[in-house]
Amino acid sequence: MSQVKLTSSVLDLDFSETEKRICRFIKEYVENAQAKGVVLGLSGGIDSGTTAALSSLSVGGEHVLGLMLPEKETFNQKDIDDARVVAEKFKLETQICDMSAVLGCFYKAIPVFDPSDRLCKGNIKARTRMIYLYYYANKLNRIVCGSSDKSETMMGYFTKWGDAAADITPIMDLYKTQVRKLAIHLGIPQELALKPSTPALWPNQTAENELGIKYETLDLILYGLERFMTTEEIANHLSIQKSIVEKVKTRWLANEHKRRMPIAPKIGYRTVGNDFRLPRHTY
Amino acid sequence: MKDKIKLALAQISSKRENKNENLQKIEKLTFKAKEQAADLVIFPELSLTGYVVRDQIYELAETIPGPTVEKVEALAKKTGMHIIFGMPELSEKTQATVFNAAVLVGPQGLIGKYRKMYPPTHSVFEEKRYFRLGYQPAAFQTDLGNIGLCICYDVFFPEVLRLTRLKGAQLIVCISASPAVRRSYFEILTAARALENTAFLAYVNLAGVEDGLQFWGGSRLVSPTGDVLAKAKYDEEDFITCEVDYSDLRAAETFIPTLRDLRPELFDKLKEYSESL
């Protein structure tokens with residue numbers, strides 16, 4: 001059997017089928033959980049916009065609340081406008097909560113707070129967003145719908161217990177470039193679908209700058225790793241240096257701790273997060 | 001024995017760990033099958049318990065015969081129907097040895113059972129963690145013809161269905177819990193297994209979502225020449241009836257004489273080579 005050649009076409013999907021599959025997943029989960037709908041963070045980016053659109057198509061816009069959670073340091077009117085474009089098109093409810101005041105309290109209340117450490121500070125923002133989402137979900141008897149994609153998740157490019165904290169993650173098995181194509185398939189404006197991604201932890205942060213690689217290349221490397229290809233094969237297929245592929249692979253493997261339950265020493269007969277292998281129910 | 005029988009393919013979504021609710025569904029659809037003049041109603045793999053039940057399998061497994069089979073026997077007797085369904089079977093000789101089983105019940109009671117020979121353990125599947133392998137092919141002479149049983153991933157192994165056919169099965173029933181990413185494989189293999197064995201093949205898959213796994217439905221009856229005679233909806237619960245006309249077997253066997261052309265000496269080679277893979 002000839003091996004798949006790593007070109008952008010390997011990431012092609014039947015987007016109608018993908019839409020159907022994800023919508024069924026969301027609908028069934030919400031129904032089984034007997035929840036009244038979903039709450040999600042609506043950043044103005046493509047992952048949350050696509051997740052919002054899919055949620056709305058699954059359970060109806062009136063059962064989808066998009067929380068816009070700006071704060072003064074990273075505030076960008078364009079993001080708010082883009083979030084509104086999606087909200088209006090897919091008829092979902094929105095609410096804006098300015099997190100600036102609560103973030104200010106955190107900064108003041110942490111004795112060792114260091115404003116120059118932008119990563120630690122930025123993670124507070126991601127985790128504060130999570131607190132807002134879960135407050136609304138608890139209050140409204142809804143579930144939190146996460147927007148993580150496969151590229152970020154494999155790379156560990158997210159805040160532990162922050163943006164990845166959710167009850168369901170409908171697009172987590174789609175690479176970023178696939179999310180963009182799905183977004184266009186769903187009718188999200190192309191300009192929004194192709195806009196550079198940012199976790200908005202500090203001003204002018206972009207995912208591709210931080211990761212040091214374009215998503216078009218990253219996704220193909222990750223796809224190769226997913227398919228058990230060697231780093232050499234991937235580098236040859238993409239005509240890039242093996243060291244680039246190895247760097248991605250190292251980062252992917254090093255971040256498994258962010259994708260799992262916390263680890264415990266094995267003491268008992270069956271252990272949470274280890275060999276307690278129970279069905280996941282939604283009741 | 002009847003020349004023609006009518007099948008009902010009951011492509012259900014099971015409620016995980018809820019045998020009572022699933023039994024109610026089995027009962028309701030058996031009555032529906034009866035109303036539609038079907039002779040045999042077929043439910044998917046592990047339809048009694050749901051597929052993704054993980055460690056709870058030990059609480060859910062039952063012996064065959066056992067309490068659930070007795071209830072299904074009563075249902076078959078009451079309706080005059082033959083019923084095939086899937087359940088985790090607890091070995092009678094041990095406390096926690098479980099098989100992934102298909103059960104065939106008729107109006108006179110339990111006819112037979114089949115224990116899955118190839119429980120998959122790769123990708124999202126972890127069946128060997130829980131299930132002991134079966135060793136025996138299953139084909140039972142019934143009032144509805146000779147019915148063979150197999151389960152899901154077995155269909156990837158031509159020898160399982162070959163054995164079932166050679167044991168006498170004219171209608172091979174494959175119950176399944178196949179997730180959507182594997183749909184194309186099953187569509188090819190169900191047709192191939194029917195064709196290479198010149199037997200009818202009824203495939204009945206789960207529908208619905210269990211723990212993120214989306215079962216693709218698509219249950220079907222395949223003719224002995226590999227044609228899809230009836231097909232249920234993809235992904236959703238569905239209930240269809242279709243007819244098996246055993247007189248088609250003769251024409252198929254003469255046109256595609258794979259059974260006549262079997263070469264037993266090759267099977268020794270198969271054994272030899274597979275042992276040294």
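Modeller: Domain bounds here come from an automatic or database domain assignment. This is a predicted model, in which local features need pLDDT of at least 70 and side-chain atom pairs count only at pLDDT 80 or more, while totals for chains, interfaces and linings use all residues. Residues are numbered from 1 along each chain as its sequence is written, with chains lettered from A and ligands numbered from 1 in the order in which they are written.

Colleague: Into which domains is chain A divided?

Modeller: Chain A has domain 1 (13–195) and domain 2 (208–263). Their C-alpha centres lie 24 Å apart.

Colleague: How many residues of the two domains of chain A are in contact?

Modeller: Two residues are in contact if their C-beta atoms, placed from the backbone, lie within 7 Å. By that criterion, ten residues of domain 1 of chain A touch twelve residues of domain 2 of chain A. On the domain 1 side, α6 (150–155) and α7 (176–186) of chain A each supply at least two residues, and α6(A) gives the most, with four residues.

Colleague: How should a helix such as α3 of chain A be read?

Modeller: Helices are DSSP runs of H or I with at least four residues, strands are runs of E with at least two, and both are numbered from the N terminus. The expected span of a helix is 1.5 Å times one less than its number of residues. For the 13 residues of α3(A) (residues 77–89) this gives 18 Å, and the end C-alpha atoms are indeed 18 Å apart.

Colleague: Which residues of α3(A) are buried, and which are exposed on the other side?

Modeller: A residue is buried if 20 or more other C-beta atoms lie within 10 Å of its own, exposed if 12 or fewer, and partly exposed in between, with C-beta atoms placed from the backbone. In α3(A), D79(A), D82(A), A83(A), V86(A) and A87(A) are buried. Seen down the axis, they fall within an arc of 140 degrees (the arc of the directions from the helix axis to the C-beta atoms), so they line one face of the helix. On the other side, Q77(A), K78(A), D81(A) and E88(A) are exposed.

Colleague: Against which elements do the buried residues of α3(A) pack?

Modeller: They pack against α2 (46–59), β2 (64–68), β3 (93–96) and α8 (190–193) of chain A.

Colleague: How many bridges join β12 and β13 of chain B?

Modeller: Two strands pair if DSSP finds at least two bridges between them. Three bridges join β12(B) (residues 220–222) to β13(B) (residues 228–231), and the strands run antiparallel. L221(B) has A230(B) as its bridge partner.
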